[in-house]
Amino acid sequence: MLRKCLLYLAYLLPLGGLAQHIDPETIKDKMQWYQDAKLGIFIHWGVYSVNGVDESWSFYNNKIPYPIYMQQLKGFTAAHYDPQAWADLIKASGARYAVLTTKHHDGVALWDTKLSDLNVAKRTPAGRDVVGPFFKALRADGIRCGAYFSLLDWSQPDYPGFRKDSSRYRIEDDYPRWDRYRRFCQGQIVELMDRFHPDLVWFDGDWEHSPEEWEAEHIRHLILSRNPQTVINGRLQGYGDYATPEQNIPVSRPAYPWWELCYTSNNNWGYHPDDTNFKTPAEVISVFADVIYNGGNLLLDIGPRADGTIPDEETHLLKELGRWTNAHQEAIFGTLPGIPQGHFFGPSTLSKDSATLYLFLPSKTYGQVLVKGLSNNIQDIRVVGTGQHLTHKIVGKISWSAVPGLVYIDVPATVLDEYMTVLALRLDGPVRLYKGQGGY
Ligand code: GLC
């Protein structure tokens, strides 16, 4: 765990500004759809769902022996796998993209890779590629497709790492063997690109090796030479496009222009029947509002069962999330990060022209809602979910001072959304804020 934590630090730092090799200016255009998308659904599906154990880590951390882990191959049936139903549920959640684990650290590919027999088509009762049909269904629903791919592969005989206390060899001692692994790994990336044309490649596991060892720059080239528009997540040792804080919600706004919080529905990535600690729709929605307020995306994870069915709690969560996102689309998708803290006690976003300010009222706030230091005139205030118009008053405006008065908006309890109410303030132009310290 400690090792993982240290390695995490090592790869989070680069996107904090130290060793990031990509100049954000050069990728601005291709990042636009991603920046506007705000919500993605992450899917951890693999043989680990058969017994509901930790994905890959259960054998790496010696919780179960490797052969027992691999016996799960026999139980991966995908018998009720309905890719269109998955895509429709994702669409209903309001998400604009989805990311599927095409291969986790255990090395079991969800597609019929030509480079290894360790794939669900050859080695499990599913007997077929399950990536292609999902991407097809997503595309039919207008949802962008992401391929999660673990750079490290603890099953591949040429990969040095295996379990936390045993590895196969040291790269320094057998460089040709490491090079064989690299060719294999990069070959699978090329296969994924050529076969499935992902809009987004979501790498994981880069922490075990340096950019030079992975040939990270070359991997980026392999992807972009096939499709220059592909978005690449930040786990490519400084050669990705956006930061990926995991589970932990940033408190201050991340400095890097694009970031994505990957977040589990309960406490696990994959299917874990013993884990019933599901987040409520209200909790996920408040996290989501906070994330978009700070200019990020939320990648909310679900873990289907080995037969391809999705646990009811996750279906419920996605549907409720969808009820809220659909009613509040204009305040979410394609918006800009909100106004700095201190003006309003809650998350906010701005329309692209910055002339509409969206206020997300925490919990069931009603009564008088305060906005401080807003220099614009307000032309209209509307409850986004219902369309009702609200009144407001300006308090304490001093005629001879440029400092704006306090805005008190009257929010009756009757307009409240079950989860989070959003107000749209139409301003007389792009938002202008007073940031001073008072005085005259
Ligand atoms: C971590 C874990 C992995 C999980 C991923 C999701 O890197 O190693 O199990 O798939 O995070 O972000």
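In this report, Ala, Val, Leu, Ile, Met, Phe, Trp, Tyr, Cys and Pro count as nonpolar, Asp, Glu, Lys and Arg as charged, and the others, Gly among them, as polar. By these classes, the shell around the ligand holds eight nonpolar, three polar and five charged residues. The structure is a predicted model, in which local features need pLDDT of at least 70, side-chain atom pairs count only at pLDDT 80 or more, and totals for chains, interfaces and linings use all residues. Residues are numbered from 1 along each chain as its sequence is written, and side-chain values use heavy atoms, without hydrogens and water.

**The ligand**

A residue is near the ligand if one of its heavy atoms lies within 4 Å of it. Of the 16 residues around the ligand, those that come nearest are His44, Glu55, Trp57, His104 and Glu246. The table lists distances from a side-chain N or O atom to an oxygen atom of the ligand.

| Residue | Distance to a ligand oxygen |
|---|---|
| His44 | 2.5 Å |
| Glu55 | 2.7 Å |
| Glu246 | 2.9 Å |

The protein buries 99% of the 310 Å² that the ligand exposes when taken alone (Shrake-Rupley method, 1.4 Å probe).

**Ser265**

Ser265 lies in the loop between strand S8 (260–264) and helix H13 (281–293); helices (H or I, at least four residues) and strands (E, at least two) are DSSP runs, numbered from the N terminus. Ser265 is buried, with a relative accessible area of 0%, where buried means under 20% (1.4 Å probe, protein chains only). A polar atom of the Ser265 side chain lies 2.5 Å from the backbone oxygen of Asp301. Leaving aside residues up to four places away in sequence, Ser265 touches several residues, including Asn277, Phe278, Asp301 and Glu314; contact means heavy atoms within 4.5 Å.

Notes. Polar contact = N/O pair within 3.5 Å; in protein donor to acceptor, adjacent residues only side chain to side chain. Buried < 20%, exposed > 50% of the residue type's maximum accessible area, 1.4 Å probe, protein only.
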